[in-house]
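User: Hey, got a minute to walk me through this one? I'd like to go through it bit by bit.

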Amino acid sequence: LFRSLGRGWIWIQLSSSGVGREDKSKLPEEQRTRFKWWFENLSRVLRNRQHDIQKLKLKGDMLKKYTTGYMPMSELVFLIYGIAPAMPIIGIQKWSPHYKEVDRWATDDIVKRAVEKPLASEAERQEYAAHVEQQKTRKQRQRERQKLKRQQQNGETPATDLSRPARMEQSNTEFESLLASLKKEAGLMPGEAVSGLVSGEDEPELADLSLLDERLDVGTGAVH
């Protein structure tokens with residue numbers, strides 16, 4: 001599935017009118033390139049496309065909106081060249097539950113719930129982007145702990161600045177942070193339990209956002 005590619009942008013290149021270049025209208029039909037599209041993952045975009053990002057004046061919260069603030073289970077980011085002269089345009093396209101054969105995209109309950117949700121507000125996108133960054137940090141720390149464990153199993157002496165009690169406290173803090181994030185997304189009060197984590201029931205409907213990047217292993221009807 002397309003979602004397995006992870007976060008990224010879909011680039012669309014429309015052919016120019018030929019002004020200042022070779023007049024493509026004079027070329028044989030089979031040599032005219034009217035439309036090209038390709039996908040670039042987020043790491044590649046941020047590494048190699050700074051010129052385009054600067055052209056779009058994307059920075060701060062606006063850049064986060066199109067990188068970590070969109071919902072990959074139900075939205076796609078398109079960057080299009082060829083509509084405005086020498087200037088790209090960017091937009092987020094959300095899948096609609098009314099699209100024909102939408103079930104080809106929404107193949108499980110988590111994706112179906114994401115597709116059925118209304119378009120996210122700017123505030124919701126900022127909140128979700130912050131959550132994605134927290135998830136990324138948590139995964140990085142998990143990898144570091146796994147590396148430390150492997151070193152210990154191999155009899156190596158790992159270099160670490162934290163004592164065992166400090167590492168335990170850090171782990172507890174990370175867990176509490178994740179639990180609070182899940183409760184917030186599920187709309188629960190601080191003292192309430194998160195369904196599924198405590199009682200073994202299904203995850204609450206709004207908690208599916210916390211699962212998006214887990215499913216992607218963090219690596220649409222309105223455009224705005």
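User: How many helices and strands are in the protein chain?
Analyst: The protein chain has seven helices and four strands. Starting at the N terminus, the order is β-β-α-α-α-β-β-α-α-α-α. Keep in mind that this is a predicted model.

User: OK, so what's the average pLDDT of the protein chain?
Analyst: The mean is 74, and 60% of the residues score at least 70.

User: Where is confidence lowest and where is it highest?
Analyst: Helix α7 (residues 212-216) is at the bottom with a mean of 43, while helix α2 (residues 50-55) is at the top with 95. Across residues 185-224 the pLDDT is below 50, and that stretch still makes 90 contacts in the model beyond near neighbours in sequence. Where pLDDT is low, the predicted coordinates should not be read in detail.

User: Noted. What share of the residues counts as buried?
Analyst: 34% of the 224 residues in the protein chain.

User: Switching to helix α5. How many residues does α5 have, and how far does it reach?
Analyst: Helix α5 covers residues 122-153, so to speak a run of 32 residues, and its first and last C-alpha atoms are 47 Å apart. The expected span at 1.5 Å a residue is 46 Å, so the two values are close.

User: Which residues of α5 are buried?
Analyst: R125, Y128, A129, H131, V132, Q135, R138, K139 and L148. Y128 also has a partner outside the helix: its side chain is joined to that of R7 by a polar contact of 3.4 Å.

User: And what follows α5?
Analyst: G155 comes after α5, with a positive phi near 80 degrees.

User: Back to R7. Where is R7 found, and is it buried or exposed?
Analyst: R7 is in the segment before β1 (8-14). R7 counts as buried because its relative accessibility is 5%, under the 20% cut-off. Besides the Y128 contact, R7 has its charged end over the ring of Y70, 5.0 Å from the ring centre.

User: What is T67 in contact with, leaving aside its neighbours within four places in sequence?
Analyst: R7, W9, L42 and L46. T67 lies in helix α3 (residues 61-67) and counts as buried at 5% relative accessibility. A polar atom of the T67 side chain is also 2.8 Å from the backbone oxygen of L63.

User: And N41, which residues is N41 in contact with once those sequence neighbours are left aside?
Analyst: R7 and G8. N41 is in strand β2 (residues 35-41) and is partly exposed, with a relative accessible area of 35%. The C-alpha atoms of N41 and W9 are separated by 6.5 Å, though these residues are 32 apart along the chain. The side chain of N41 also has a polar atom 2.9 Å from the backbone nitrogen of R44.

User: Let's do aromatics. How many aromatic pairs does a search of the whole structure find?
Analyst: Four. One of them is W95 with Y99, an edge-to-face pair at 5.7 Å centre to centre and 65 degrees between the planes. W95 also pairs with W105, and that pair is stacked, at 4.9 Å and 25 degrees.

User: Which parts does the W95 and W105 pair tie together?
Analyst: Both residues lie in the loop between β4 (87-94) and α4 (109-116), so the pair links parts that are ten residues apart in sequence. W95 and W105 are buried, whereas Y99 is partly exposed at 29% relative accessibility.

User: Which residues form the aromatic cluster?
Analyst: W9, W11 and W38. R49 lies over the face of W11, 4.2 Å from the ring centre.

User: Last thing: what about backbone angles, what is the phi of K57 and of E101?
Analyst: Each is positive: about 55 degrees for K57 and near 55 degrees for E101. Most residues other than glycine have a negative phi.

User: Where do K57 and E101 lie?
Analyst: K57 is in the loop between α2 and α3, and E101 is in the loop between β4 and α4. K57 is exposed, with a relative accessible area of 69%, while E101 is partly exposed at 44%.

How values were computed
Residues numbered from 1 in each chain as written. Heavy atoms only, no water. Helix = DSSP H or I, 4+ residues; strand = E, 2+ residues; numbered from the N terminus. Buried < 20%, exposed > 50% of the residue type's maximum accessible area, 1.4 Å probe, protein only. Phe/Tyr/Trp six-rings, centres within 6.5 Å; stacked < 30°, edge-to-face > 60°. Lys NZ or Arg CZ within 6 Å of the ring centre and 35° of its normal. Polar contact = N/O pair within 3.5 Å; in protein donor to acceptor, adjacent residues only side chain to side chain. Contact = heavy atoms within 4.5 Å. pLDDT = per-residue confidence, 0-100.
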